[in-house]
Amino acid sequence: MYREHTRVVKIGDRVIGGGNPVLIQSMTNTRTDDVAATVAQIHRLEKQGCEIIRCTVPDMASAKALREIKRQIGIPLVADIHFDYKMAIAAIENGADKIRINPGNIGGGDRLKAVVDTAKAHGIPIRVGVNSGSLEKALVEKYHGVTAEGIVESALDKVHMIEDMAYDNLVISIKSSDVLMCIRAHELLAEKTDYPLHVGITESGTVYSGNIRSALGLGVILYQGIGDTIRVSLTGDPVEEIKSAKMILRTMGLRKGGIEVVSCPTCGRTKIDLIGLADKVEKMTEDFPLDIKVAVMGCAVNGPGEAREADIGIAGGNGEGLLFRHGQIIRKVPEDQLLAALREELMNWKV
């Protein structure tokens, strides 16, 4: 069931599913019971563009900390629960806007029902999460290994467990570090359910390798119309996850806003520190609320022509810099003033 037709689910003051915009999630890596550190990190993520945040709840101190954390932030708060049903109940009672559980490891039917009943009483959704690494032995044997089919069957089994308890305020998440398996699993799941899907490549790796795996996997999944929320899981500063998620959504045509920086790969004609300049431009433009394309080119002769589709661009070489709009040169500046000239143009930008 593609995103235009998935069920609408409310998470705090945000709405997903039913064709609503794909929202960006991340997860804190601070100790949740350290309220000051956790809130400070969430504020950084909010500023970057995070729209839903998840915190782990491994103990009662963390569950109780959620109330104060939620009071100090402006985005929905999701509690991540593993194994202990009491933590799920405590998280809900302390204001979590959604909980993430694996019903298969929460401790049996009675305990799962206690969690479901508490979520129902507070009117919050449950994210049913299944990872390839936690696939049940019976399904591994049935499918002769860990497979996309097994992941989907496991997830739907967990969903049916909760549905049988008369609750369907659900979001589903299935993840694997195997990109192709993850893509296939989402394709299969989208054919079998209309619950909104949270998508991501789990354990994708460092900022370098994780970005490549996530961009490939999420790009294919999103292009097929699948996914209502996303997380780019990276081993690094969570802020990097938000930057990458925004770039993926913009590239897939699912998000507008923010400057898109394009730059040439350099060649023997390049007579300027284009790598350093492009890095500076990308950093400088992060906070500009403009929906335009900026080109950074290394050749003053061919640069404007090659990047004529850009709304504005700069090029330089041999001491001379150019500013251009849609391939038309608007002024020349000394090469060492290119960055400042570009900033001035953006500050005064009018469509």
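## Strand β3 and its neighbours

Strands β3 and β4 (residues 52-56) pair in the parallel sense, with three bridges between them. One contact point in this pairing is M27, whose bridge partner in β4 is R54. The model described here is a predicted one. Between the two strands comes helix α1 (residues 35-48), and β3, α1 and β4 together make a right-handed β-α-β unit.

Strand β3 also pairs with β10, to which it is joined by two bridges in the parallel sense. Here I24 has I230 of β10 as its bridge partner. Strand β3 covers residues 23-27, and five of its five residues are buried, so the strand is largely enclosed by the rest of the structure. The side chains of L23, Q25 and M27 point one way, those of I24 and S26 point the other way, and all are buried. Such a pattern has a general background: in a regular strand, side chains alternate between the two faces of the sheet.

## The closed barrel

Strand β3 belongs to a closed barrel of eight strands, which runs β3-β4-β5-β6-β7-β8-β9-β10 with parallel pairing. Within this barrel, strand β8 (residues 170-175) runs parallel to β9 and is joined to it by two bridges. The residue I172 has L197 as its bridge partner in β9. Helix α7 packs on the sheet and touches both β8 and β9, and its direction makes about 150° with that of β8.

Strand β10 contains T229. With a relative accessibility of 0%, T229 counts as buried, because the limit for a buried residue is under 20%. The C-alpha atom of T229 is separated by 4.7 Å from that of H198, although the two residues are 31 residues apart along the chain. Leaving aside neighbours within four places in sequence, T229 is in contact with I16, V22, L23, Q25, I52, L197, H198 and V199.

## Helix α8

Helix α8 spans residues 207-223 and has 17 residues. From its first C-alpha to its last it reaches 23 Å, close to the 24 Å expected at 1.5 Å a residue. Just after this helix, G225 takes a positive phi of about 85°.

The buried residues of α8 are S209, G210, S214, G217, L218, G219, I221 and L222. These buried residues pack against two helices, α7 (179-190) and α9 (238-251), and against two strands, β9 (197-199) and β10 (229-230).

## The nonpolar cores

The largest nonpolar core holds 73 residues, of which I81, I99, I101 and I126 touch the most other members. Helix α7 gives the most to this core, with eight residues. Not counting residues up to four places away in sequence, I126 touches I99, I101, V116, A119, I162, Y167, N169, L170 and V171. Apart from this core lies another, of 29 residues, with A278, V281, I292 and V296 among them.

## The open sheet

A second arrangement of strands is an open sheet of five, in the order β11-β12-β13-β14-β15, with mixed pairing. Its edge strands are β11 (260-263) and β15 (328-334), each of which pairs on one side only. On average, neighbouring strands of this sheet are turned by 20° against each other, direction ignored.

Strand β14 (residues 320-325) runs antiparallel to β15, and six bridges join the two. In this pairing L322 stands opposite K332 of β15. Helix α10 (residues 274-284) packs on the sheet, where it touches β11, β12 (293-297) and β13 (312-317). The direction of α10 makes about 160° with that of β12.

## The chain as a whole

The protein chain contains 12 helices and 15 strands. Its C-alpha trace spans about 75 × 45 × 30 Å along the principal axes. Of the 351 residues in the chain, 53% are buried. Among contacts in the chain with a separation of 6 or more, 62% are accounted for by residues 24 or more positions apart.

Definitions and conventions
Residues numbered from 1 in each chain as written. Predicted model: local features only at pLDDT ≥ 70, side-chain atom pairs only at ≥ 80, totals over all residues. Heavy atoms only, no water. Helix = DSSP H or I, 4+ residues; strand = E, 2+ residues; numbered from the N terminus. Expected span 1.5 Å × (residues − 1). Buried < 20%, exposed > 50% of the residue type's maximum accessible area, 1.4 Å probe, protein only. Contact = heavy atoms within 4.5 Å. Pairing = 2+ DSSP bridges. Axes fitted to C-alpha atoms, helices over the stretch in contact; angles between N-to-C directions. Right-handed = clockwise from strand over helix to strand, strands pointing away. Core = buried A, V, L, I, M, F, W, Y, C linked by side-chain atoms within 4.5 Å.
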